[in-house]
Amino acid sequence: MTQNTPAPPAHTFQVDLRGLVDLLSQHLYASPRVFVRELLQNGVDAVTARRSLDPGCPDSIRFTADGAVLRVTDTGIGLTEDEVHRLLATIGRSSKRDGLDEARKEFLGQFGIGLLACFVVAETIRVVSRSARTPDATPVEWIARGDGSYTVRTLSDSDLAEATGGTEPGTTVFLEARRGCEHWFDGATVAELAADFGSLLPYDVVVGERRITGEPAPWATAHPGPAARQAALSAYCQDTFGFAPLDSIELDLPLVGVRGVAYVLPGQVSPAQRGGHRVHLKGMLLTDRADALLPDWAFFVRCVLDTDALRPTASREALYEDETLAVVRDALGARVREWLAELSVSAPDRLRRFLSVHHLGVKALALHDDEVLRLMLPWLPFETTDGELTLDELARRHDTVRYTRTVDEFRQVSAIAAAQGLAVVNGGYTYDADLVARLPEIRPQVAVAELDASAVTAHLDPVDPLDELALGPVLATARARLDPLGCDVVLRSFHPASLAALHLDDRAARAERARAEAEASADDLWSGILGALKESTPRSRLVLNHASPLVRRVGAIDDQELAGLAVEALYGQALLQARRPLRPVDQALVNRAFAGLLEWATPTPQAGLDQQDEPDRHDDEDDR
């Protein structure tokens, strides 16, 4: 554009008010039930604004519903005719931003669109108001319709009295039910919603004849003693969440503007299950599905709290993810860690009961928090060859603690390791291997080592050379049969003697088999890539137990074919005992072995005997 070219004329956006109202009222909110919350919010903010001018003013909010019309009256600041035009008829402008900035931090609403929630269930919205800030201003009536149109007129005192029953400052909102939404205007429904949203509000809220406020939150109430306080907190959890908590953690954090309770769930939950926390903003329920309020590791608690610091989204149904929420999240996580420390010192029985249910969450925390690691690792239960023990108990019994990386590895070696007196921890569960590896950080006198198949073999007793020589033929047969499967055969002596064979398979061997299987089923390009990754061929190992009578009997078999079938059967049994998934070649070998053994156990009858028996059967039939 050149310097002399005139600027194009400016145009104003054309807004379809009906469509905008429909968009905001029908799609901004998740459920029609929020219209009661928005009416409560407007009433509370109006009373808050008036109290900034007159601290002794009444604080009443009254709901009346008959199934067709809902009426809400508050004793708040009220509106003048000019304010009605500027505030009620301008979407996005909030009265909290106009002339009352000094009290704005006390308000619940900040967006100026809450009243539109009522169009979800209402055909018309009628507002009758008298200003307390300008007492000589004329009362005003504003009527809005769902099509985006509205009318405004001033009222006389007699008109105001006829509409609201009085002439005092305040506001009355009348909603006329939209067709099909009459059930939302039922008195019992309105009372239930108002109690859910506003039970913690500090003002006098009444629906019909039912007063829904007045009782402070249990964490803000004085109790005769700790037991009575704990009982009150537990009862509140039962009423609010529907479960009796394992324990209650009070959250009194004035530095981040939060007060409430974190309830410990009584049963196990998945770490992936995000908690539905209940958050009140200055007494008004904001959401009962807040899922980013606590760190991910604290999935074993459900919170109910009141805050004046967190920022709601425009729909007021979620928390805005900002720096303030991050600070609150860290503070709540620190409080849960502090509670764990308190239990470890003053209530070890309660800590053990908690860990028996929620050890996974504490393990997740300990892995990323050095303080919790030092505090909790000695208390955490692990599956070991000595049974379920804490690492502290295991370290007192053994100078060296070994661990496996997978559950399969532990299952392979647990029986033999226990018989050899080795302390092995099953590290195949989430976080366990990494936590065991850090045990020396808090118990320097304990050595920790990873256990694999070769280490187990090294701890088995060697067999006398003469005994191994005596079993040479069967060992040769076994190696010939199992070599194509990538499995070596060795002879050792170990307990228990009832275990005839032990299949040991380290991670390298499993990884190589997985690579080979992927290579066989891949296309040419991918097969070439996988083939290039092959450096060696790690092999599994079948350890035959010379202490087993069964192995010695197999070694005494003269028939080479029968001995081979017996060895293949031992191989299959060892795979099943290790709970290792069978490859197709393994399945074929096991099926062949057991079918062959059945043929040896059930020989085919001699042909001459069959022919000799045949006339006898005919004779029997003739006799019959």
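User: How many helices and strands does the protein have, and how much of the protein counts as buried?

Analyst: In this predicted model, the protein has 21 helices and 21 strands, and of its 624 residues, 46% count as buried. Contacts can also be sorted by how far apart the partners lie in sequence: among contacts with a separation of 6 or more, residues 24 or more positions apart account for 66%.

User: How should I read the length of a helix, and what span should helix α7 have?

Analyst: The general idea is to multiply 1.5 Å by one less than the number of residues, which gives the expected span of a helix. Helix α7 covers residues 323-346, and its 24 residues should therefore span 34 Å, while its end C-alpha atoms are 35 Å apart, which agrees. The same reasoning can be applied to helix α19, residues 560-577, where 18 residues should span 26 Å and the end C-alpha atoms are indeed 26 Å apart.

User: Which residues of α7 are buried, and what do they pack against?

Analyst: The buried residues of α7 include L325, V328, A331, L332, V336, W339, L340 and L343, and the list also includes R329 and R335. On the other side of the packing, the buried residues of α7 meet three strands, β9 (247-253), β10 (258-264) and β13 (301-307), together with the helices α8 (348-368) and α9 (370-376). As for α19, that helix is mostly covered, since 13 of its 18 residues are buried.

User: What should I look for at the ends of α7 and α19?

Analyst: At the start of a helix, one can look for a side-chain oxygen close to a backbone nitrogen, and at the start of α7 a side-chain oxygen of D322 reaches to within 3.3 Å of the backbone nitrogen of T324. In α19, the N-terminal end is capped by D559, with a side-chain oxygen 2.9 Å from the backbone nitrogen of E561. After α19 comes R579, whose phi is positive, near 55°.

User: Which other residues have a positive phi although they are not glycines?

Analyst: One of them is K282, with a phi of about 55°, and K282 sits in the loop between β11 (277-281) and β12 (284-290). Another is Y431, with a phi of about 75°, found in the loop between β17 (424-426) and α12 (432-437). Because its relative accessibility is 24%, Y431 counts as partly exposed. A separate backbone feature is the peptide bond joining H495 and P496, which is cis, with omega about 5°; P496 lies in the loop between β19 and β20 (501-504).

User: Is T213 buried or exposed, and what does its side chain reach?

Analyst: To decide such a case, one compares the relative accessible area with the cut-off for buried, which is under 20%. T213 has a relative accessible area of 5% and is therefore buried. T213 is found in the loop between β8 (210-211) and α6 (226-241), and its side chain reaches the backbone oxygen of Y203 at 2.6 Å. Leaving aside residues up to four places away in sequence, T213 touches G198, S199, L201, Y203, D204 and V205.

User: Where is D59, and which side chain does it contact?

Analyst: D59 lies in the loop between α2 (34-53) and β1 (60-65), and its side chain makes a polar contact with the side chain of R51 at 3.2 Å. With residues up to four places away in sequence not counted, D59 touches several residues, among them V47, T75 and P202. Y203 and D204 are also among the residues that D59 touches, and these two appear among the residues touched by T213 as well.

User: How far apart in space are D483 and R539, and A470 and A556?

Analyst: Here one sets the separation in sequence beside the separation in space. D483 and R539 are 56 residues apart in sequence and 9.3 Å apart in space, C-alpha to C-alpha. D483 is in the loop between α15 (472-482) and β19 (487-492), and it counts as partly exposed because its relative accessibility is 43%. A470 and A556 are 86 residues apart in sequence and 8.8 Å apart in space, again C-alpha to C-alpha. A470 belongs to helix α14 (residues 465-470), and at 55% relative accessibility it counts as exposed.

User: How many cavities does the structure hold, and what lines the largest cavity?

Analyst: The structure holds 4 cavities of 30 Å³ or more, and about 100 Å³ of space lies in the largest cavity. Its lining has 14 residues, of which R274, G275, P295, D296 and F299 lie nearest the centre. By type, the lining residues divide into 7 nonpolar, 3 polar and 4 charged.

Definitions and conventions: Residues are numbered from 1 along each chain as its sequence is written. This is a predicted model: local features need pLDDT of at least 70, side-chain atom pairs count only at pLDDT 80 or more; totals for chains, interfaces and linings use all residues. Side-chain values use heavy atoms; hydrogens and water are left out. Helices (H or I, at least four residues) and strands (E, at least two) are DSSP runs, numbered from the N terminus. Buried means under 20% relative accessible area, exposed over 50%, partly exposed in between (1.4 Å probe, protein chains only). Contact means heavy atoms within 4.5 Å. A polar contact is a pair of N or O atoms within 3.5 Å; within protein, one must be able to donate a hydrogen and the other to accept it, and residues adjacent in sequence count only if both atoms are side-chain atoms. On a 1 Å grid over the protein atoms alone, a cavity is a set of points where a 1.4 Å probe fits but cannot get out, and a pocket is an open set with protein on both sides within 12 Å along at least five of seven lines; lining residues have an atom within 4 Å of a point. Grid points are joined across faces, edges and corners, and a volume is the space filled by probe spheres set on the points. Ala, Val, Leu, Ile, Met, Phe, Trp, Tyr, Cys and Pro count as nonpolar, Asp, Glu, Lys and Arg as charged, and the others, Gly among them, as polar.
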